[in-house]
Amino acid sequence: MYSFYIANCNDCIGCDAIKNCKYAIFNKEYDKNKYEELKNHIVKELTGLGIHGLMMPVEIAPFAYNESIAQDNFPLSKEEATSQGFRWEDDIQMTKGKETMKPEEINDNIKDVKDSITGEILKCISCERNYKITEQELLFYRKMNLPIPRQCFYCRHQDRIQRRGPYKFWDRKCDNCGKDIKTNYSPDRKEIIYCEKCYQDEVI
Ligand SMILES: [Zn+2]
Ligand SMILES: [Zn+2]
């Protein structure tokens, strides 16, 4: 119950990252009788409060709503989030102004980029956040023949989420054959959408 990342365990309550445990509460093991006694007490108390079996309360979340992937997948405005009891972080940590290389100084062609780029501090063209290129990243861009990104990780992640679309489906019709389909492209989006068959016929 209420445990996270536990392996080969059973009869645990409120445990985190433990292995091979039995009758544990808050990562501490008890004998079976003591465990049962404490468990009954905990379940009774939570049931009395009407919260037994519910998700962890938002008040104890260590992160604000807009710092978590909840904001990627179920985006809310500050007002919506706070009215639902979530915290909101106005001052998201970021480093700015420490860049050692300007975006326009980065070579467009990855073949012209020197190894020393991994020692530079870059500046995002969208949010100005400083970011770096790791050695593994540079190897990957070279291998795939891709340019050095001009945006920081956070902005690139945002772009991906936007392109992926929301975790939500709408009923629409295929723009080619008119068949009813479900899609995560909302009806007000301007892209042409096809049913699977029309799509396959088109791309093959
Ligand atoms: Zn950015
Ligand atoms: Zn179709």
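User: Happy to have this one open! How are the donor residues of the zinc ion (ligand 1) spaced in sequence?

Analyst: Their spacing is C-x2-C-x24-C-x2-C. A word on the basis: this is a predicted model, where local features need pLDDT of at least 70, side-chain atom pairs count only at pLDDT 80 or more, and totals for chains, interfaces and linings use all residues. Residues are numbered from 1 along each chain as its sequence is written, chains are lettered from A and ligands numbered from 1 in the order written, and side-chain values use heavy atoms, with hydrogens and water left out.

User: What makes Cys124, Cys127, Cys152 and Cys155 donors to the zinc ion (ligand 1)?

Analyst: Their SG atoms lie at 2.2 to 2.3 Å. Donors are N, O and S atoms within 2.8 Å of the metal (3.2 Å for Na, K and Ca), and water is not among the atoms, so sites may look incomplete.

User: Why is the site of the zinc ion (ligand 1) called tetrahedral?

Analyst: Its 4 donor atoms make angles of 106 to 115°. Four donors count as tetrahedral if all angles lie between 85 and 135 degrees, so the site qualifies. For reference, the ideal angle for four tetrahedral donors is 109.5 degrees.

User: Why does cysteine 155 count as buried?

Analyst: Its relative accessibility is 13%. Buried means under 20% relative accessible area, exposed over 50%, and partly exposed in between (1.4 Å probe, protein chains only), so cysteine 155 is buried.

User: What makes tyrosine 2 and alanine 17 partly exposed?

Analyst: Tyrosine 2 has a relative accessible area of 28%, and alanine 17 has 49%; both values fall between the two limits, so partly exposed is the right label. Tyrosine 2 also has a positive phi of about 50°, and alanine 17 has one of about 55°, although neither is a glycine. Most residues other than glycine have a negative phi.

User: How do you know that strands β6 and β7 pair?

Analyst: 4 bridges join β6 (residues 170–173) to β7 (residues 180–183). Strands (E, at least two residues) are DSSP runs, numbered from the N terminus, as are helices (H or I, at least four). Two strands pair if DSSP finds at least two bridges between them, so β6 and β7 are paired, and they run antiparallel. Aspartate 171, for one, has lysine 182 in β7 as its bridge partner. The hairpin of β6 and β7 has 6 residues between the strands, and glycine 178 takes a positive phi near 80° there.

How values were computed:
Tetrahedral: all angles 85-135°; square planar, octahedral: opposite > 155°, others 65-115°.
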